[in-house]
Amino acid sequence: MTLGYLGISLGVGLWSGRKTSKGTEGYVAGDRALGFLVLYFILGASIFSAFAFLGGPGWAYSRGAAAFYILSYGTIGLVPWYFFGPRVARLGRRFGFVTQAELLAHRYQSKSLSAVLALISLIAFLPYLTLQMQGAGYVFNVVTEGRIPNWAGAAIAYGVVLVYVFRSGVMGVAWTNTFQGMFMMVLAWSLGLYLPWKLYGGVGAMFARLAETVPDMLKAPGLGSDGQIWTWGGYSSAIIISVMGFSIWPHYFMKIFTARNERTLRRTVVFYPTFQIFLIPILFIGFAGILSYPGVEPADAILPTILMSLDLPAVVIGLFCAGALAASMSTGDALVHAAGSILVRDFYRVVFRPDLTDDQQTRLIRFLVVVISGVAYYFAVMSKISLVALLLLSYGFIAQIFPVLLAALYWSRSTRAGVLSGLAAGCAVTILWNLNPGLQWQEIHPGLWGLLANVLTLVTVSLATPPMDPEHVRQFVVE
Amino acid sequence: MRPRLFSSRLEPAQRRVYRAVLVFFLVVFLGMIFPLVSVFSRVHPMILGLPFFLFYLTVLLLGSFGVLLGLFLWEDRTGTSGDPEEDAL
């Protein structure tokens, strides 16, 4: 079953690349020709990461309503695209941008901005990608009851990803995500409704029982990682940071450039919440575990644990395994592909080799796709460094790009010095607050303090430096 | 120059529509975080088998979808673009 899934993914991934042009615009932005359905799934499935089938139920299981923060930010996270997306796509078409940093670096005429953004993206991507690989290995390991070790599981799943991303670029990501996305939807609903029914006799009955026994788990802010009631500061700032970061994650943002036209882009944003609905059954799974399976450690193992204990037919286990792999791979492939593209387009080419030809770029991106997968794989299976701290930091970093993008498109008076110092201040404060738990008043996310410093610096320094050439700025800013 | 959220090429009536949509999403956003969320963060009454808070979030999700869909259809029907193309440069 699972092997069948991997085979289909590979086939779809290879088949999809045969039509695009050979250059970077084809490899990175799919010749700007993606239609509604594919764009919808590419975005939906990239967000449904390994987190969906492991972390999501794990949060609901151990922290209750705290998990609803995911549902909250997803509701409006993509809405900014409806407003600035068409403009970004148009600028991409006019100037040939395929990445976020290209747009911003051109707006502010700054190579350093391009390099800084590329580095922020890479720092943020690596822990994210590593977690996806660990998730894939973990699923193989649990479902085969240890017969396939973590390292082999991760290697199998990401071997497949590597092949189709290497060959087909963004089209490989797009069409496999479409297939993987549909698969996950079906699985989320069937498991999310089946498990509460099997264990409690229905979703309503399950929540009624939970309301009697653990009412605090059914309302915000839920529980913290220590099992006590979470703080409002922690809950709210997690939502704020995620909303800001959501529309700006560079591997996501790049997909604006793949849209066939503005209408396709808008339509995708409109229908995005319908993908978000699938989080609800996913969370049901975690809630189902609270009373029936107390004490599962780590909490992320709750779904595989329930499944293995129910004596389900092998087909169902195989389906789950394939679904969880789909979730992990559909996020991982987008990350690997974006990381390679960004490193070449925004860093290497800008800083060292402006004379790189289109062909050389595509070849280099392919090469880096392999290298980056290798590095992430090393972290995933060999290294003992804790990634969770790094992941927290990465969300804080990404959110710092949000004010820069708004300034680029809406504030003509913003200057190069302004955005560069704003980014620097934002990232510095985020790191500082992250390292000093004493500063984390009410558990407010370090990135939020970073954002505050970022915006203040951006505005002050911009006003203190001479404005940029109005003719140049006019091409970007809404007026 | 004052920063603008919406293009000056839009008719005032069109701009009002976009402003209303933006305000709606601002309210949704504020409704999800402290302090407003604490008002809706309750277990009872349970609706459709869901705790009130989860039901509330589901309504926000479907409401957001509805408003965006409405805006999209309105744009299609009236041929409006939220960010009309400037004259050829």
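The expected span of a helix is 1.5 Å times one less than its number of residues. I keep that rule at hand for α18 of chain A, further down.

**Entry 1: confidence**

I am working with a predicted model. I noted its overall scores, ipTM 0.88 and pTM 0.85. For chain A I get a mean pLDDT of 81, with 89% of its residues at 70 or more. Chain B averages 84, and 92% of the residues there score at least 70.

Then I went element by element. In chain A, helix α2 (residues 24–29) has the lowest mean pLDDT, 64, and α20 has the highest, 92. In chain B the lowest mean belongs to helix α2 (residues 36–40) with 82, and the highest to helix α3 (residues 52–78) with 91.

**Entry 2: the two chains, one at a time**

I counted 23 helices and zero strands in chain A. Of its 479 residues, 60% count as buried. I also checked how far its contacts reach along the sequence: among those between residues at least 6 apart, 82% join residues at least 24 apart.

Chain B has three helices and zero strands, and from the N terminus on I read the order as α-α-α. Buried residues make up 19% of its 89 residues. Of the contacts in chain B with a separation of 6 or more, 44% come from residues 24 or more positions apart.

What is the radius of gyration of chain B, set against a compact globule of 89 residues? I find 18 Å for chain B, where the globule would be near 12 Å. The C-alpha trace of chain B spans about 55 × 30 × 20 Å along its principal axes.

**Entry 3: where A meets B**

Next I looked at the interface, where 39 residues of chain A are in contact with 35 residues of chain B. On the chain A side, α5 (68–76), α6 (79–95), α11 (203–213), α12 (232–246) and α14 (262–276) each supply at least two residues. Which of the helices gives the most to that side? It is α14(A), with seven residues. Sorting the chain A side by class, I get 27 nonpolar, seven polar and five charged residues.

**Entry 4: the two domains of chain A**

The domain assignment splits chain A into domain 1 (2–397) and domain 2 (400–479). Their contact takes 28 residues from domain 1 and 25 residues from domain 2. On the domain 1 side, α6, α7, α8, α12 and α19 (388–399) of chain A each bring at least two residues. There α12(A) gives the most, with eight residues. The residues of the domain 1 side divide into 17 nonpolar, nine polar and two charged.

I see α6 and α12 of chain A come up again here: both supply residues to the side of chain A that touches chain B, and both supply residues to the side of domain 1 that touches domain 2.

**Entry 5: helix α7 of chain A**

Why do I call helix α7 (residues 100–107) of chain A largely enclosed by the rest of the structure? Seven of its eight residues are buried, so the helix is largely enclosed. The buried ones are A:Q100, A:A101, A:E102, A:L103, A:L104, A:A105 and A:R107. I looked up what covers them, and the list includes α6, α8 (111–143), α13 (250–253), α17 (314–351) and α20 (401–410) of chain A. After the helix comes A:Q109, whose phi is positive, near 50°.

**Entry 6: A:L343 and helix α18**

I picked A:L343, which sits in helix α17 of chain A. Is A:L343 buried or exposed? It has 22 other C-beta atoms within 10 Å, so it is buried, the cut-off being 20 or more. Leaving out residues up to four places away in sequence, A:L343 touches A:A118, A:L122, A:Y348 and A:L368. I also checked A:L343 against A:I365: they are 22 residues apart in sequence and 7.9 Å apart in space, C-alpha to C-alpha.

Now back to the helix rule. Helix α18 (residues 358–381) of chain A has 24 residues and reaches 35 Å from its first C-alpha to its last, close to the 34 Å expected. Its buried residues are A:Q361, A:T362, A:L364, A:I365, A:V369, A:I372, A:S373, A:A376, A:Y377 and A:A380. An α-helix has 3.6 residues a turn, so residues three or four places apart point the same way.

Methods:
Residues are numbered from 1 along each chain as its sequence is written. Chains are lettered from A and ligands numbered from 1 in the order in which they are written. This is a predicted model: local features need pLDDT of at least 70, side-chain atom pairs count only at pLDDT 80 or more; totals for chains, interfaces and linings use all residues. Two residues are in contact if their C-beta atoms, placed from the backbone, lie within 7 Å. Helices (H or I, at least four residues) and strands (E, at least two) are DSSP runs, numbered from the N terminus. Ala, Val, Leu, Ile, Met, Phe, Trp, Tyr, Cys and Pro count as nonpolar, Asp, Glu, Lys and Arg as charged, and the others, Gly among them, as polar. A residue is buried if 20 or more other C-beta atoms lie within 10 Å of its own, exposed if 12 or fewer, and partly exposed in between; C-beta atoms are placed from the backbone. The radius of gyration is taken over C-alpha atoms; the globule rule is 2.2 Å times the number of residues to the power 0.38. pLDDT is the predictor's confidence in each residue, from 0 to 100. Domain bounds come from an automatic or database domain assignment.
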